[in-house]
Amino acid sequence: MTTSFTRSELLQPLPPPASLVGPWGWVRANLLSSPLQALLTVVGAYIAVTLLWTFIDFTIIRAVWTGADRDACLDEKVGRSVGACWPFVWAKFGQFMYGFYPVDERWRVNLTYAVAVALLVPLLIPAVPQKPLNAVLFFGAFPILAFNLLYGGSLINPWLSVVGWLAILGGITLVVGYLMSRVEGPPNMLFLKWGGAAIAVGILLLLLVRTGIFAVPRLPVVETRQWGGLLVTLVVATTGIVAALPIGVALALGRRSKMPIIRLLSVAVIELVRGVPLITVLFFATYMLPLFLERSPDAMVRVLVGVSIFSGAYMAETIRGGLQAIPKGQFEGAMALGLNYPRMMSLIIMPQALKLVIPGIVNAFIGLFKDTTLVSIVAIFDLLGGIRAGFTDPQWASPVTLYTGFAFAGIIYFAFCYFMSRYSIFVENRLNTGRRR
Amino acid sequence: MTDGTLPARATGAPKVAFFNDPKTRSLIFQGLALALLVFVIFTAVTNAVTNLRNQNIAGGFGFLEQTAGFGISQTPIAWAESMSYGRAFLIGLLNTLLVAVVGIFFATLLGFVVGVARLSPNWVISKIAYWYVEVIRNLPLLFQILFWYLAVLAAMPTPRNSHSLFGLFFANQRGITVPRPIFEAGAGAIGIALLVGIVAAFAVRSWAYKRQAATGQQFPVAASMAGLILGLPILAYFLSGMPISFDYAQQGRFNLTGGMTLIPEFVALTIALVAYTAAFIGEIVRAGIQAVSYGQTEAGRSLGLAEGRILNLIVVPQALRVIIPPLTSQYLNLAKNSSLAVGIGYPDMVSVGGTILNQTGQAIEIIAMWMGCYLTISIVTSIFMNWYNQRIALVER
């Protein structure tokens, strides 16, 4: 029998004190860690609950859901304090979504939305293959289709003109290539043949368009003056972002160019546009552009030009950030392979730079989407403008109409922007794999 | 990347076509760009001259001398309808500056509060700050301005039933009324005393730092600075016979009399700008504080510094380096966003200019003046902030 003064086995660890674990421990640590924190918790919770309750109470609990006119939303007619007047939104829904787009033609807008979603969703989901084709369809073909559908007119002619112009441009490139190859060695006759053929085909197509043979299947024209509501918001935002990419790439490359005149021009454009508010750019497009041109373009076109220049200048700085993040070795590697400048940029540098700044591009899109509200100041009716116009309808004049309109617009804007910001975070995390440890 | 002076073109090297020579090529490109630019400008100017002649609009800034003939709802300097367009535009500019300065001040305050709140150990507070940022950042600014203007301020009671705070501040449909300071003779002395106080305070501070560096002895810097900056003007106030008094608003039967009324457009615009910009500043502040490694705080503790000093001397100076550059662009954004005032009719530069543009048709001149003013504001702000940034930047080898 030996008496041991030391333990032969380890003591089992005690469970942590009840005050540190479980819901109560969490509450103590996160809500009540000191008297000041407890006070903050109470005050904060009071504010949060009040705001949230006000919103839910107004939009759901006290809301009126059906009705034909303002009587449905008047306290004295309903016999209680009325919250959101949703019948107002239902009645004006068409106006909020399409503006004054003719009712019979609204299927065209819906079809455009459907095509946009069908092209955009696969573009946004990383697992879906065929990204380049998808991107070309969305950024290249979709804008023509969308214009074709929304504006109306001939269904075939715009496509023929685009193909025609592309053929002519390609042909000219080939002919120039032939001329260049002549200087350096034996001329490459294939270039000349194909180039000439392409130019001929292009001219033929453009002539065909002129003759009007293919003008027959046509949709009734809907002037841009009749567009409005969410349609305008989406058209302006999408045009802005699609135009911003090429403008931004060109300006960013120009800013980093070694040619002093090109660099100076790019810097001047970027800094001038970024230094002034969007609204002055819109005023510039609306009031000054017609003075500088022989024929004044359509009001919507002017606004689109302004928005494109504006977003292009911001995009240029985003892309410049991406370009600056590319190590010098990538440039040197491309040069060592003997690539010329366009190939170096399009094959090596730009893909990496753009990939780096995708979150920045999405953020620019969020900003642009919010900024589209400004077009209502130059008399183009976007969603916000349409809702403001809805307030003035005497048929729906009630104390809650205004708040209902704001609640509706707020929910739509928030839904769009919140989804985009979530997506940007998702992309950021996905692209971060290389640097995450 | 393409270097014009490649040594490979020594004798014996294969002849390069002239258009493949980087030098020639860059000259050609730049020549083309310049020619295009000249062509565009020439066409634009020719068209503008023709169009203006057709519309009977004389170019130039002569119209600024003409009588404006419209009312302006907020005039920091004297205004009458018989005064000139030039003065109207100046009032617009001053109103823009007023909103920008007031907005930047409060947005910075609120932004720092939001940024710190997001990092608070208190779950409720940090969640509130998070959702504040999410909601505010995802709603268009014009939407928010209209919301404050149409839904909040327009729903205020009539002047007769004004909301009142301590009987000093009143809020009603016509705006917010606050006591108006009245400066009598001798009030200038207080301003001078304030200036002297500020200068003396900074002199004391630099003297105290030097002394501490030389001898290690500390001096109550904060207390003495506060004493100089606050104490001197107060002393001057009593010595000069209390020349500042306040005109308090009186609630009459139908209206408020006296006091100083901030017009609802100004209030709505400022609240919206402050709330919107503060959400962005909050994120910047949070990122800045998080960029300072926790080891720095621990190092401060192991040196035995008090928590307040760790914050003041270690964390904040390092966080500021990350915060200042993006903060600058938020200030610029706020100044530019104040142009949304035109949406609710606050008489800022764009709003007043727009009225002038509609009356005179002088689009080119007005837009040039806008752009010139905004560019100047942007440049001055960024020069100041860059100077400040350089002062606090990390000094490396």
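Colleague: Taking buried to mean under 20% relative accessible area, exposed over 50% and partly exposed in between, which of these classes does A:Lys328 fall into?
Modeller: The model is a predicted one, and in it A:Lys328 forms a salt bridge with A:Glu332, the closest N and O atoms lying 3.5 Å apart. The partner, A:Glu332, has a relative accessible area of 43% and is therefore partly exposed. A:Lys328 has a relative accessible area of 61%, and because the cut-off for the upper class is over 50%, A:Lys328 is exposed.

Colleague: How many residues apart are A:Lys328 and A:Glu332 in helix H13 of chain A?
Modeller: Helix H13 of chain A covers residues 328-336, and both A:Lys328 and A:Glu332 belong to it. The two are separated by about one helical turn, because their spacing in the helix is 4 residues.

Colleague: Turning to A:Arg320 and A:Glu317, which of the two is buried and which is partly exposed?
Modeller: These residues form a salt bridge whose closest N and O atoms are 3.0 Å apart, and they are separated by about one helical turn because they stand 3 residues apart in helix H12 of chain A. At 21% relative accessibility, A:Arg320 lies above the 20% limit and so counts as partly exposed. With a relative accessible area of 16%, the buried one is A:Glu317.

Colleague: Where in the chain does A:Ser311 lie, and what backbone oxygen does its side chain reach?
Modeller: A:Ser311 lies in helix H12 of chain A, residues 299-324, and counts as buried because its relative accessible area is 10%. Leaving aside neighbours within four places in sequence, A:Ser311 is in contact with A:Gly240, A:Ala244 and A:Leu368. Its side chain also reaches a backbone oxygen at 3.4 Å, and that oxygen belongs to A:Ser308.

Colleague: Which helix of chain B holds B:Arg118, the salt-bridge partner of B:Glu283?
Modeller: B:Glu283 forms a salt bridge with B:Arg118, with 2.6 Å between the closest N and O atoms. The pair links distant parts of the chain, 165 residues apart, with B:Glu283 in helix H7 of chain B and B:Arg118 in helix H2, residues 85-118. Both residues are buried, and the helix that holds B:Arg118 is H2.

Colleague: What backbone oxygen lies 2.6 Å from a polar side-chain atom of B:Thr270?
Modeller: B:Thr270 is found in helix H7 of chain B and is buried, because its relative accessible area is 9%. The backbone oxygen at 2.6 Å from a polar atom of this side chain is that of B:Phe266.

Colleague: Which helix gives the most residues to the largest nonpolar core?
Modeller: The largest nonpolar core has 152 residues, of which A:Trp227, B:Ile356 and B:Trp370 touch the most other members. With 13 residues, the element that gives the most to this core is chain B's helix H7.

Colleague: And which residues does B:Ile356 touch, not counting those up to four places away in sequence?
Modeller: B:Ile356 is one of the residues that touch the most other members of the largest core. On this count its partners include the aromatic residues B:Phe63, B:Phe70, B:Tyr85 and B:Phe89. The rest of the list is B:Ala88, B:Gly361 and B:Ile366.

Colleague: What area is buried between chain A and chain B?
Modeller: On the level of contacts, 59 residues of chain A meet 58 residues of chain B. Carbon and sulfur atoms give 73% of the buried area, which amounts to about 5100 Å².

Colleague: Which residues form the salt bridge between chain A and chain B?
Modeller: Across this interface there are 16 residue pairs in polar contact, whereas the count of salt bridges between the two chains is 1. Its closest N and O atoms are 3.0 Å apart, and the residues are A:Arg422 and B:Glu134.

Colleague: How does the side of chain A that touches chain B divide by class, and how many of its residues are charged?
Modeller: By class, that side of chain A has 41 nonpolar and 10 polar residues. The number of charged residues there is 8.

Notes:
Residues numbered from 1 in each chain as written. Chains lettered and ligands numbered in written order. Predicted model: local features only at pLDDT ≥ 70, side-chain atom pairs only at ≥ 80, totals over all residues. Heavy atoms only, no water. Core = buried A, V, L, I, M, F, W, Y, C linked by side-chain atoms within 4.5 Å. Buried < 20%, exposed > 50% of the residue type's maximum accessible area, 1.4 Å probe, protein only. Contact = heavy atoms within 4.5 Å. Buried area = accessible area lost by both parts, 1.4 Å probe. Salt bridge = Lys/Arg side-chain N within 4 Å of Asp/Glu carboxyl O. Polar contact = N/O pair within 3.5 Å; in protein donor to acceptor, adjacent residues only side chain to side chain. Nonpolar A, V, L, I, M, F, W, Y, C, P; charged D, E, K, R; others polar.
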